[in-house]
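Notebook open, structure loaded. I'm jotting things down as I look them up.

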Amino acid sequence: PKPDDDTRIVKVKESKVDPKKQYTDERGSEKDHLYIVVIGHVDAGKSTLMGRILCDLGEVSQRTLHKYEQESKKIGKQSFMYAWVLDETGEERVRGITMDVGRAQFETKTKKVIILDAPGHADFIPNMITGAGQADVALLVVDATTGEFESGFELGGQTREHALLVRSLGVNQLAVAVNKLDTTNWSQERFNEITKKLKAFLKQAGFKDSDVTFVPCSGLTGENLIKPPSESELLKWYNGPCLLDVIDNFNVPERPVSKPLRMSINDVFKGTGSGFCVAGRIENGILNKGDKVLVCPTKEMAEVRGLSINDMSSNVAFAGDQVSVTLSGVDIQNVSVGYILSDPVQQVPVTTRFEARLVVFNVKVPITKGFPVLIHHQSLVESANIVKLKALLNKSTGELVKKKPRCLGNNSVAVVDIEVCRPICVERYKDVKELGRVMLRVSGVTIAAGLVTDIYNT
Ligand code: GDP
């Protein structure tokens, strides 16, 4: 090997440490981290609800609370203060200080819960894709007010699209906040009506009944959020858990620390000192300060000069962590959002062509050979074409229905080849789930979701 072959050094180091042991030594006693994405139709009360939870759990300073209380009184809309609180946690977290905009967190009995991509962004869906790509679980907020649930759920509403999206991106546990139930005087009938409709839909979207929990609540009054109900009308018929307990009961997915390093980059910024920073999530493996990593798809070697998790500097980060990494040895111009930091030996595949199993759910014109799309892969957005329609599959059994179909309409499941205009890093879904999922969009609309089944050498 050449003297400058950095990969050898990494290999030697790797063989010394047992990643599982390192993880338990470092984190064994800590609360599990759980990443949650909040979804739902506009005005369902997402910001109010999350803001209220943060306030009630004491995550918001008295100063901030007071400021917004005064301001919201002034305009006669006291309910706004909670939504503002949530936005504040977003604004305060300026680039360079932390890794992402709009992040807030709180703790339950057994977990540290990180809210991904706090709602309220103007262009919610692309942000949500990034958020959902990193989420372990989702909270779906629906407005129980007469007529409002219907407009969010029936044609045109975002409830369905959001739920389908997060499911396609691999989220399989869901809490549903049947929110604003104060407006119906805590009607059990209304709760049951909404639950019944959603259950049928969510099942169809691929959620197991046992992985979905419905919680009657009000983000505005705080009812049934962090403690059991006190409202007598609700107590008459509900004795289930409050929202916080439902979140506490979610299963934390296993963190694949023993697999080769993969970190997806969702932000690149100048740090305070030398070098620059990238932020993102470690999907697989372990990242130590001092490690050599390969920046892909460009395959430039870089060194990890510093690491921080939730603004705290650290010597090591594990699969599942959201981190900021200070890099040296590579130019900031050569690193982009959507790139991957890879183990230099066991490298992430780089390609312009791969095979995917698609679920098509929202096309105006059927997909035919050559169909142009924008492909969303983690934080990456790239132009691509569906270059080959290989097989149409049965939706529920996955069995072959037809080879080489001429076109694909809504609700079809199919195997296709996708060609991307520039090389990207992807993994087969069965190897690394997080890097094996793609979303396809056309003029601002998500038309399909897919799992990568094969990668071609290009
Ligand atoms: P988002 O768009 O989903 O983030 O919704 P917001 O949190 O901004 O809330 C939309 C509107 O619904 C605001 O006017 C809130 O004051 C109101 N709202 C939110 N939660 C509740 C609730 O639990 N009960 C009632 N009655 N109104 C609520």
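Cut-off first: I call a residue buried when its relative accessible area is under 20%, and exposed when that area is over 50%. Also to keep in mind, this is a predicted model.

**Entry 1: Glu-427.** Buried or exposed, I wondered about Glu-427? I looked up its relative accessible area and got 5%, so Glu-427 is buried. I then checked where Glu-427 sits: in the loop between β20 (412-425) and β21 (437-442). For its surroundings I skipped the neighbours within four places in sequence. What remains in contact with Glu-427 includes Arg-262, Val-348 and Pro-349, and also Val-432, Leu-435, Gly-436, Val-452 and Ile-455.

**Entry 2: Val-316.** Next I went to strand β13 (residues 316-318), where Val-316 is found. Its relative accessibility is 3%, so Val-316 counts as buried too. Which residues does Val-316 touch, not counting those up to four places away in sequence? I listed Gln-22, Glu-26 and Arg-27, then Ile-286, Leu-287 and Asn-288, and finally Leu-307 and Ile-309. I also took one distance: Val-316 and Ser-168 are 148 residues apart along the chain, and their C-alpha atoms are separated by 31 Å.

**Entry 3: Ser-379.** I found Ser-379 in the loop between β17 (371-377) and β18 (380-393). Ser-379 counts as buried because its relative accessibility is 15%, and the cut-off is under 20%. From Ser-379 to Glu-148 I get 32 Å, C-alpha to C-alpha, with their positions 231 residues apart in sequence.

**Entry 4: the ligand.** How many residues surround the ligand? I count 18, and the closest are Asp-43, Lys-46, Ser-47, Thr-48 and Ser-79. Sorting the shell by type gave me 9 polar, 5 charged and 4 nonpolar residues. Helix α3 (residues 46-56) gives the most to this shell, with 3 residues.

Then I pulled some polar distances to ligand oxygens. A polar side-chain atom of Thr-48 is 2.5 Å from an oxygen atom of the ligand. For Gly-45, a backbone N or O atom lies 2.9 Å from a ligand oxygen. Leu-220 comes in with a polar backbone atom, 3.1 Å from an oxygen atom of the ligand. Area check right after: the ligand taken alone exposes 580 Å², and the protein buries 83% of that.

**Entry 5: the whole protein.** Stepping back, I tallied 11 helices and 22 strands. Of the 458 residues, 52% are buried. The accessible surface comes to about 20,800 Å², with 49% of it belonging to carbon and sulfur atoms. I also looked at contacts between residues at least 6 apart in sequence: 72% of them join residues at least 24 apart.

**Entry 6: how far to trust it.** The average pLDDT is 85, and 87% of the residues score at least 70. I noted ipTM 0.99 and pTM 0.75 for the model. Where does pLDDT stay under 50? One stretch is residues 90-102, for which the model has 24 contacts beyond four places in sequence. Another is residues 118-124, with 12 such contacts. Note to self: where pLDDT is low, the predicted coordinates should not be read in detail.

Technical notes. Residues are numbered from 1 along each chain as its sequence is written. This is a predicted model: local features need pLDDT of at least 70, side-chain atom pairs count only at pLDDT 80 or more; totals for chains, interfaces and linings use all residues. Side-chain values use heavy atoms; hydrogens and water are left out. A residue is near a molecule or strand if one of its heavy atoms lies within 4 Å of it. A polar contact is a pair of N or O atoms within 3.5 Å; within protein, one must be able to donate a hydrogen and the other to accept it, and residues adjacent in sequence count only if both atoms are side-chain atoms. Accessible areas come from the Shrake-Rupley method with a 1.4 Å probe; for residues, only the protein chains shown count as cover. Helices (H or I, at least four residues) and strands (E, at least two) are DSSP runs, numbered from the N terminus. Ala, Val, Leu, Ile, Met, Phe, Trp, Tyr, Cys and Pro count as nonpolar, Asp, Glu, Lys and Arg as charged, and the others, Gly among them, as polar. pLDDT is the predictor's confidence in each residue, from 0 to 100. Contact means heavy atoms within 4.5 Å. Buried means under 20% relative accessible area, exposed over 50%, partly exposed in between (1.4 Å probe, protein chains only).
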